[in-house]
Amino acid sequence: MNKKYFGARLQEDGKCSFRIFAPLAQDVKIKVQRQQEFIEEMIPAKYGFYETTLEKISSGDQYSFVLDNGLNMPDPASQWQPIGQSNYSTIVNHHLFDWKGDIFSGMPMSEMIIYEAHVALFSPEKNFKGIISRLRHLKELGINTLQLMPVAQFSGFRGWGYDTVYPYAVHSPYGTPEELKELVRQCHLNEIAVILDVSFGSIIPVDSLAPSYPPFFSSKHNAPKGRALNFDEKYSYGVREFYIQCALSWLRDYRVDGLRIKDTDHIFDQTPVHFLEELSARIKDFAKENNRTCVLINGDKRNSLRPVLSPEEGGYGLDALYNEDFYCALQSRVTGSCDGPLKDYSDPARMVSAMQYGFAYRGEISDHYLRLQGRNKSELSGCKFIVYSQGHEESDAHDSKCRIIEKSGFEAAKLSAGATLLSPYIPIIFMGDEYGETAPFNFFTDEDCDASVSKCHLNWQNIKSDQGQAMLRLYRKLLKVRKEHPTIHEPCRSRCQVQEIAPGVILIFRNPTSGDRKYAAVVFNFGKEKTECKVAEYLPDGVWTTELYSAEKTFAGTASPLPGILPQNEAIQLAGQSFALFLYSELNVRTENIALE
């Protein structure tokens, strides 16, 4: 099969190539709307594709396909649907945008500090321009990667975006293709990478695209929202290529730096080369050819290693995976909730395991899913895990207290920030958490009233409050330490030792790979009451200085400050739901040298 793009591809000379996968059609025509409509037969190619090239086509021209003399049908690979799910698609000229100044070539997974945002709820403007207006805030915070919840055209006007209808097209209420490109360009000028959240495991059928669907849906697999996509049955080669070219389009035409694929466990594929492996290989080839770094992130709730193992190890070669285990264990410890999947994490050992190994479940039976979760000896490097304290799942629908700060309070929110940002993994900050936003993030669609959706918008005035400023100071301090301290900066799980040194008190000791003794230690009190513990007993001998204490006045806490130097033989008192960071001091090395002399 000739692996070419799908849909319409406008060249600089005004010629436009059109291509559609329609293996069950006997006759395919294309209609183009300019000053007047004209129609032309498309040429059948191998394996069920139809192609043609037309001249004098301009950006903004509209077109549609007609299969077997039926009704006008938009392009399934449309890149622009400015008037919604209509009978026509709109031509986009990707040669017109001026990428001036953008020489950004991507960022390795191990360096990323990710900030996740929903375009419509992030800013008062509710669009791409609104995010641009806040890039300075993200830069000063210490963010170097922006992850956008889905921006592909989805069902309806508003929603979370996972109900994808046109996987190639920019969701028109958020802005134009050029405005998305300008957001990416501005991010790159600020040395911020951009990742898009995409849904390749399902598609929402609409009547206008019905003639194109028969080869796209599986006859033997079902997904939670209906029929699964066809990745391994008859005609699956066209469906696989459709989504591979979709991924390449976002990387090539919009210069995004990576994709996070939601619910990859809904991609059912029994072919010798799994779709994800093929996708990963093709994107790596693209990145190499264009001297770029492009990452693929896996969203899968099974604790499966295969997506992020190399093909030589029997894996698919993706770069990292969303670690829902860490999120659930943290939520359970901080909020005390045992609802839904959180009932699996009531055992305190789950948090220790999540911090030590990445996964809380490593081959045990899940009481929630009633299946084996993960596998024993599931050791992966730290940069293969993405961890977060604030998640969003449709099961959280209409829960007015979805944020930790609302569920358990300000101190618990600070504790969660420390557990995430000081972990040996890649962290994600959910929009607004950096200043203690209290607005919920409920699941919503067009069917929800304006008031229900409006209360989910970020209230940027909260950043000016005393509490907002204190939380912002904490996040900036944590991200500064993560950037500058070599041991904390390195997402290295194998040089991390985690233990519960008292009920509810977890200590993380981190050892650098460089061998220069730049140790770091973090102690977390997940209990709600203050506690005393002799932290130094569990650490190498030497001078340990207190770098940060979440309960101190600087961060709007009420506890007494910790000693500047951690006492060797005495206990320290930690406030309830607090954490403290200690760094090994070079003073100890100098003292030893003097003694030897």
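Rings of Phe, Tyr and Trp (its six-membered ring) are taken as a pair if their centres lie within 6.5 Å. By that criterion, a search of the whole of this predicted model yields 37 aromatic pairs.

Select Phe359 and Phe385 to begin. Their rings meet edge-to-face, 5.0 Å centre to centre with 90° between the planes. Phe359 belongs to the loop between helix 8 (349–357) and strand 19 (364–366) and Phe385 to strand 21 (residues 385–388), so the contact ties together parts 26 residues apart in sequence. Both Phe359 and Phe385 are buried.

Next, select Tyr519 and Tyr584, an edge-to-face pair at 5.0 Å centre to centre and 75° between the planes. This pair links distant parts of the chain, 65 residues apart: Tyr519 is in the loop between strand 24 (505–510) and strand 25 (520–525), and Tyr584 is in strand 29 (residues 578–584). Tyr519 counts as buried because its relative accessibility is 14%; Tyr584, at 7%, is buried as well.

Now display the cluster linked by ring pairs, whose members include Phe6, Phe21, Tyr47 and Phe49. Add Arg19, which lies over the face of Phe6, 5.5 Å from the ring centre.

Move to strand 13 (residues 193–198), where 6 of 6 residues are buried. One side carries Ala193, Ile195 and Asp197, the other Val194, Leu196 and Val198. Strand 10 (residues 145–148) runs parallel to strand 13 and is joined to it by 4 bridges; Thr145 stands opposite Ala193. Strand 16 (residues 258–261) is also parallel to strand 13, again with 4 bridges, and its Ile261 is the bridge partner of Val198.

Finally, select Arg260 and Tyr322: the charged end of Arg260 sits over the ring of Tyr322, 4.0 Å from its centre.

Conventions:
Residues are numbered from 1 along each chain as its sequence is written. This is a predicted model: local features need pLDDT of at least 70, side-chain atom pairs count only at pLDDT 80 or more; totals for chains, interfaces and linings use all residues. Side-chain values use heavy atoms; hydrogens and water are left out. Buried means under 20% relative accessible area, exposed over 50%, partly exposed in between (1.4 Å probe, protein chains only). Helices (H or I, at least four residues) and strands (E, at least two) are DSSP runs, numbered from the N terminus. Two strands pair if DSSP finds at least two bridges between them. Rings of Phe, Tyr and Trp (its six-membered ring) pair if their centres lie within 6.5 Å; planes under 30 degrees apart count as stacked, over 60 as edge-to-face and the rest as tilted. A charge sits over a ring if NZ of Lys or CZ of Arg is within 6 Å of the ring centre and within 35 degrees of the ring normal.
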